[in-house]
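Please look over the structure shown here before reading the notes, which are grouped by topic for use at the bench.

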Amino acid sequence: MRLIICALSLSLFAAMALAEAEPSGGDAAMKAQNPLANIISMPLQWNTDFDTGPDDETAYTLNVQPIYPVSLDKGWTLINRAIVPLPKSVPAGDPNSDRVTGLGDT
């Protein structure tokens, strides 16, 4: 439940920041297509992996991939990109253990 609340909070924060910085009209559509544009976005990716672990179970992972550009100087922009995997339910390595949830490697 905490995972869902965290993901929704991050999405809401990104939507509010994007709404403040979003240009009007067709300019927004052009910037959305440019990977180097100065816009904030929060893509989410849901992965389902079958036949995982010693008992061939299914693993579910939500990847949060925030993109946050920062203007450094005139003409220079640092684009911060990270992938934060949030394993929702992953089989444990030990057949006698239960499933594992938590924060994955960034």
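The briefing below goes from the overall architecture to the strand pairings, and then to individual residues and the surface.

This is a predicted model, and its secondary structure comes to 2 helices and 5 strands. Along the sequence these elements follow the pattern α-α-β-β-β-β-β. Of the 106 residues, 21% count as buried.

**Overall features**

- The protein exposes about 7600 Å², and carbon and sulfur atoms supply 58% of that area.
- Among contacts between residues at least 6 apart in sequence, 35% join residues that are at least 24 apart.

**Strands E1, E2 and E5**

- Strands E1 and E2 pair in the antiparallel sense over 7 bridges, and Thr52 has Glu57 in E2 as its bridge partner.
- The hairpin of E1 and E2 has 4 residues between the strands, and in this hairpin Gly53 takes a positive phi near 85°.
- Strand E2 is also joined to strand E5, which covers residues 84-89, by 5 bridges, and these two strands run antiparallel; Leu62 stands opposite Leu86 in E5.

**The aromatic pair across E1 and E2**

- The structure holds 1 aromatic pair, in which the rings of Trp46 and Tyr60 have their centres 6.1 Å apart and their planes at 25°, so the pair is stacked, given that planes under 30 degrees apart count as stacked.
- This pair links distant parts of the chain, with Trp46 in strand E1 (residues 44-52) and Tyr60 in strand E2 (residues 57-64), 14 residues apart.
- Tyr60 has a relative accessible area of 31% and is therefore partly exposed, since that class lies between the 20% limit for buried and the 50% limit for exposed.

**Two contrasting polar residues**

- Asn63, which is found in strand E2, counts as buried because its relative accessibility is 10%, and buried means under 20%.
- Leaving out residues up to four places away in sequence, Asn63 touches Pro43, Leu44, Gln45, Asn47, Ile83, Val84 and Pro85.
- Asp51, which lies in strand E1, counts as exposed because its relative accessibility is 58%, and exposed means over 50%.
- When neighbours within four places in sequence are set aside, Asp51 is in contact with Asp56 and Glu57; Glu57 is also the bridge partner of Thr52.

**The E3-E4 hairpin and its nonpolar patch**

- Strands E3 and E4 pair in the antiparallel sense over 6 bridges, and Asp73 stands opposite Trp76 in E4.
- These two strands form a hairpin with 2 residues between them, and Gly75 in the turn has a positive phi of about 90°.
- A nonpolar surface patch of about 530 Å² is made by Tyr68, Val70, Leu72, Trp76 and Leu78.
- Strand E3 (67-73) and strand E4 (76-81) each supply at least two residues of this patch, and E3 gives the most to it, with 3 residues.
- As general background, the side chains in a regular strand alternate between the two faces of the sheet.
- Trp76, which lies in strand E4, counts as exposed because its relative accessibility is 61%; Trp76 is thus a member of the nonpolar patch and also the residue that Asp73 stands opposite.

Conventions. Residues are numbered from 1 along each chain as its sequence is written. This is a predicted model: local features need pLDDT of at least 70, side-chain atom pairs count only at pLDDT 80 or more; totals for chains, interfaces and linings use all residues. Side-chain values use heavy atoms; hydrogens and water are left out. Buried means under 20% relative accessible area, exposed over 50%, partly exposed in between (1.4 Å probe, protein chains only). Contact means heavy atoms within 4.5 Å. Accessible areas come from the Shrake-Rupley method with a 1.4 Å probe; for residues, only the protein chains shown count as cover. Rings of Phe, Tyr and Trp (its six-membered ring) pair if their centres lie within 6.5 Å; planes under 30 degrees apart count as stacked, over 60 as edge-to-face and the rest as tilted. Patches are made of residues with over 30% relative accessible area and no salt bridge: like charges are joined within 9 Å, nonpolar side chains (Val, Leu, Ile, Met, Phe, Trp, Tyr) within 5 Å. A salt bridge is a side-chain nitrogen of Lys or Arg within 4 Å of a carboxyl oxygen of Asp or Glu. Two strands pair if DSSP finds at least two bridges between them.
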